[in-house]
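These are my notes from a session spent looking up one loop residue and then the ligand site. I put them down in the order in which I checked them.

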Amino acid sequence: MANLDYITAGESHGPALLTIVSGLPSGLRVDMEFINAELRRRQGGFGRGGRQRIETDIAEPLSGLKQLVTLGSPLTFRIPNKDNRLDDPSKTPPLRTPRPGHADLAGSVKYLTTDCRDVLERASARETAARVAAGAAASCLLREFGITAFGFVRSVHQVRTDVTPSAPALAELTAARDASETFCPDPAATERQKDMIRQAGMEKSTVGGLVECHVFGLPPGLGSCMDWRDRLDARLAYAVMGIQAFKAVEIGLGVETASRFGHEVHDPIRFDPALVGTPSLGYVRDSNNAGGTEGGMTNGSPLVVRGTMKPISTLLRGMPSVNLSTGQAATSDYERSDISAVSAASVVIQQVVAFEVARALRVKFGGDSLGEMKTQFETYLQAARALHL
Ligand code: EPS
C-alpha cells in the first residue's frame, strides 16, 4: 500500500492541469459535486482577475474510479484550461523584466532563460486548482470519519475579523462565509475588506492577508512524536508554505506564544466522562492555544492552522526592476492578475490541510479498503477509551 500522496502537473496556459492522488483506500465514494464546488469557490472572491471569467474549472476523473467509487488505484483528475495558448508564440510574448516578489528572476536564472514566461507558467497560482482537487478528494475520506475542515479569510491587509470557529457553529459559519464576497464569515469585516481591495486597485497595487483552516472531529494521536518527519504540525507547515505567495504559517497561538508566560500559553486538561463517546475521548480543553497539536500529534482539540499570504506580486503600477536581456533598469512587466487572491487562498489552505490530515489518518489506520480502515479506527478508539476503565 502506497502512502497517501499526490503530484500535480500542468502549465497555467497549457492544455490542462493534472493531479494524481495515490494511496486512497478502495470503496470510497468520491463526491465530484463537492470537488467541483470547491474548484468553483477557488475561482471566486472579491478582487480576482480576468482569468476567472474565462475559466470554468471542472475536474474530469481519468483513473482510479469505477462509478465514482475508488478502486485503490491512483486517482487522476484533469482540469482543462480554456486559455490554452502556450504553443502559440503570438499569444505568449516573452517577458524580459522580472516582477519583484514573483518567481521570475530566480527561476529565469535557475533555468538559464531571459524569458520569465518559461518560469511563470508553472509558478503561477493556477496550479492550486490541481491541489484543491486533490485535497477535496481527501476531504471525501475525512468525511467518512466525521472530520471536517473549514477554511476562511481571517484578514485582508489590516482588516481582520475576530470570529472564533467552533464545531456547534460550523453550519452557521459556513453559510456566513459562503455569503461573503471575501470568504470571511463576518459581514461587517467583509465590507471593510472589499473597501481595502478597492483602495489597492485604485493605487494600482495589491493586498495579501491571513487565511485560516480549522479541522473538527479529530481523535488524539494523528501524527507522531517519534520521528520529526511524521510530526503533523511539521507536515502542515510544509503543505501551507508550499502554497504560492505564502510567507508564514502558524499553529494555534503561533508567534504570539513567544511573548507570553507558560501558564498563559498551555491549555489546561479536564476529563469529562460525558464526552468519552466523542472523538476527543473526553479530554477537554477550555482554550486551544496549542491549535490542536502537542508533540506533533493531534490532541483531540480542533486543528487551527493560519497562513500569511503576501500581496500578489504583479502590480499594475509596476516596480523597479531590470531587463534580463539588456541589463538596463526597467519597470517590471505587467501580466493579467488579481488585486487580491486571499479568498482563493482560503480554499487552498483548507484543502492542503485536509490532505495532510487524511495522510496522517492513512498512516495510523492503514487498510486497503475503506471498511478495513474504519474497523482499525474504531478498534483504536475503543482501546483508548479502555485506558480509563
Ligand atoms: C490564477 C490564474 C492566473 C493568474 C493568477 C492565478 O491566470 P492568468 O495569468 O492567465 O491571468 O490570474 O496567477 C497569479 C497570481 C500569478 O502570480 O501567477 C488562478 O487560476 O488562480
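I began with Ile339, which I found in the loop between strand S17 (329-331) and helix H10 (342-365); I keep in mind throughout that this is a predicted model.

Next I asked whether Ile339 should be called buried, exposed or partly exposed. Its relative accessibility is 30%, and because buried means under 20% and exposed over 50%, I entered Ile339 as partly exposed.

I then looked up which residues Ile339 touches, leaving aside those up to four places away in sequence, and I listed Gly47, Ile197, Ala200, Gly201, Ser205, Thr206 and Val207. I also checked Ser313, which is 26 residues from Ile339 along the chain, and noted a separation of 9.4 Å between the two C-alpha atoms.

Turning to the ligand, I wanted to know which of the 13 residues around it come nearest. The entry reads His13, Arg42, Arg51, His102 and Arg336.

For the polar contacts I went through the side chains one at a time. A polar side-chain atom of His13 lies 2.5 Å from a ligand oxygen atom, and for His102 I recorded a polar side-chain atom at 2.8 Å from an oxygen atom of the ligand. In the side chain of Gln52, an N or O atom is 2.9 Å from an oxygen atom of the ligand. The ligand taken alone exposes 470 Å², of which the protein buries 94%.

My last entry concerns the make-up of the shell around the ligand, where I noted six charged residues, five polar ones and two nonpolar ones.

How values were computed:
Residues numbered from 1 in each chain as written. Predicted model: local features only at pLDDT ≥ 70, side-chain atom pairs only at ≥ 80, totals over all residues. Heavy atoms only, no water. Helix = DSSP H or I, 4+ residues; strand = E, 2+ residues; numbered from the N terminus. Buried < 20%, exposed > 50% of the residue type's maximum accessible area, 1.4 Å probe, protein only. Contact = heavy atoms within 4.5 Å. Near = heavy atom within 4 Å. Polar contact = N/O pair within 3.5 Å; in protein donor to acceptor, adjacent residues only side chain to side chain. Areas by Shrake-Rupley, 256 points an atom, 1.4 Å probe, with all protein chains shown as cover. Nonpolar A, V, L, I, M, F, W, Y, C, P; charged D, E, K, R; others polar.
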